[in-house]
Amino acid sequence: MHGATQFVGWYNGHPDAADHEYDLSVRRAVVIGNGNVAIDVARMLVLHPDELAPTDTADHAIEVLSQSQVEEVVLLGRRGPAQAAFTNPELRELADLKRAGVEVDVTDLELDEHSARWLEEEADVTARKNVEILRDYAASGPKDESHRIVLRFLRSPVEILGEGEHGPVTGIRVVRNELQPTDDGGLRAVATGDEEVIECGLVLRSIGYRGRPVDDVPFDERRGLIRNTGGRVSAESGDAHRGEYVVGWIKRGPSGVIGTNKKDALDTVAGLLDDWAAGALHADSAEDVAELLPDNPGLAGWKAIDHHERSAGREQRRPRIKVVDHEVLHDLAAGALSTT
């Protein structure tokens, strides 16, 4: 079993994950999770080589994924379709895959009374639309394609089968759940005891992210976030920590897509600039940052890397060809290598 974080880093060209290896000689893979990362992982496993070739996926991953023998990917969600964390565009785009259909069992979409009431009275537009999209998939049935993505709900993993110290995965034992209300008004998945085994040769877990504390930085253990007010790091009392800021998932939680994070970063930087204009930063903040990040390439270094990758990509009519070697990245940023 592998974590989706490492798998995503591998195909996206993260230098620390470039040498990871994944056995894609299997027919079926199981992805545990019901969020956008789970969908992206499933999509990557069934993409046609022609869909991969023009992308900025890392070259080493394109080579392996193009030869993948995975024909079916099963996504497991421990709760029901109403609670799935997909965003609408990512779920809808599964219908556009060149060689893969989408399969949803209509019985999995039969909402319990609590979910039906929540969906009608409290759910946001995204959750309601997700259920509509899933019902459309179930009604139309999977396309007659060589590959497929199967969405299964109310299932939790119990045991990974065949996974020894060196042995391959042979399957995953799962239990069917039912949703029960909690004292705080939520719904939790409770195992029914009804189990089954899904044969597979690869299991990837994509069950969310949790932030980890940093020394002396206020941390909300319950939510797994750095305490902050509008991006300004703050104590439990609400008092801001002078010159300390936070962005992204460690600021607001593991949700949203690239556009969400860009808007989030802009909001935090706007607050930082306001504090700078008001003289509320430490006089030596710039020096402190430089000391903390001795290998930081700076904006000029980043632009040199970006220019190099984009130039290499143009030759192959791709957005970019990613450099995945730390040493080469440092040399490019330092101007030791040509960026043309």
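Student: Is Asp 216 buried or exposed?
Tutor: In this predicted model, Asp 216 lies in the loop between strand S9 (202–205) and strand S10 (219–220). Its relative accessible area is 76%. The cut-off for exposed is over 50%, so Asp 216 is exposed.

Student: What is the phi of Asp 216?
Tutor: Asp 216 is a residue other than glycine, and its phi is positive. The value is near 65 degrees.

Student: Where is Arg 317, and how accessible is Arg 317?
Tutor: Arg 317 has its place in the loop between helix H11 (298–314) and helix H12 (326–333). Phi of Arg 317 is also a positive value in a residue other than glycine, near 55 degrees. Arg 317 counts as exposed because its relative accessibility is 78%.

Student: Is Thr 57 buried or exposed?
Tutor: Thr 57 sits in the loop between helix H3 (49–52) and helix H4 (59–66). Leaving out residues up to four places away in sequence, Thr 57 touches Tyr 11, Met 44, Leu 52, Ile 62 and Arg 318. The relative accessible area of Thr 57 is 8%. Buried means under 20%, so Thr 57 is buried.

Student: Which side chain makes a polar contact with the side chain of Thr 57?
Tutor: The contact joins two side chains at 2.9 Å. The cut-off for such a pair of N or O atoms is within 3.5 Å. The partner of Thr 57 is Thr 55.

Student: How many aromatic pairs are there, and what kind do Phe 7 and Trp 10 form?
Tutor: The count comes to four aromatic pairs. Phe 7 and Trp 10 form one with 5.4 Å centre to centre and 25 degrees between the planes. Planes under 30 degrees apart count as stacked, so the pair of Phe 7 and Trp 10 is stacked.

Student: How are Phe 7 and Trp 10 separated along helix H1?
Tutor: Both residues belong to helix H1 (residues 4–12), and both are buried. Because Phe 7 and Trp 10 are three residues apart in H1, the separation is about one helical turn.

Student: Which residues form one aromatic cluster with Phe 7 and Trp 10?
Tutor: Tyr 11, one of the buried residues of H1, belongs to the cluster. The cluster of Phe 7 and Trp 10 is completed by Tyr 11 and Tyr 22.

Student: What covers the buried residues of H1?
Tutor: The buried residues in H1 are Ala 4, Phe 7, Val 8, Gly 9, Trp 10 and Tyr 11. Just after H1, Gly 13 takes a positive phi of about 90 degrees. The cover of the buried residues includes strand S1 (2–3), helix H2 (36–46), H4 and S9.

Student: Which residues form a nonpolar patch on the surface?
Tutor: One member is Leu 273, found in helix H9 (residues 258–277). Leu 273 is partly exposed, with a relative accessible area of 47%. The patch has about 350 Å² of accessible area together, and its residues are Val 269, Leu 273 and Trp 276.

Student: What percentage of the residues in the protein is buried?
Tutor: The protein has 12 helices and 14 strands, and its C-alpha trace spans about 60 × 55 × 40 Å along the principal axes. About 19100 Å² is exposed, with carbon and sulfur atoms supplying 50% of it. Of the 340 residues, the buried ones make up 38%.

Technical notes
Residues numbered from 1 in each chain as written. Predicted model: local features only at pLDDT ≥ 70, side-chain atom pairs only at ≥ 80, totals over all residues. Heavy atoms only, no water. Patch = residues over 30% accessible without salt bridge, like charges linked within 9 Å, V, L, I, M, F, W, Y side chains within 5 Å. Areas by Shrake-Rupley, 256 points an atom, 1.4 Å probe, with all protein chains shown as cover. Salt bridge = Lys/Arg side-chain N within 4 Å of Asp/Glu carboxyl O. Helix = DSSP H or I, 4+ residues; strand = E, 2+ residues; numbered from the N terminus. Buried < 20%, exposed > 50% of the residue type's maximum accessible area, 1.4 Å probe, protein only. Polar contact = N/O pair within 3.5 Å; in protein donor to acceptor, adjacent residues only side chain to side chain. Contact = heavy atoms within 4.5 Å. Phe/Tyr/Trp six-rings, centres within 6.5 Å; stacked < 30°, edge-to-face > 60°.
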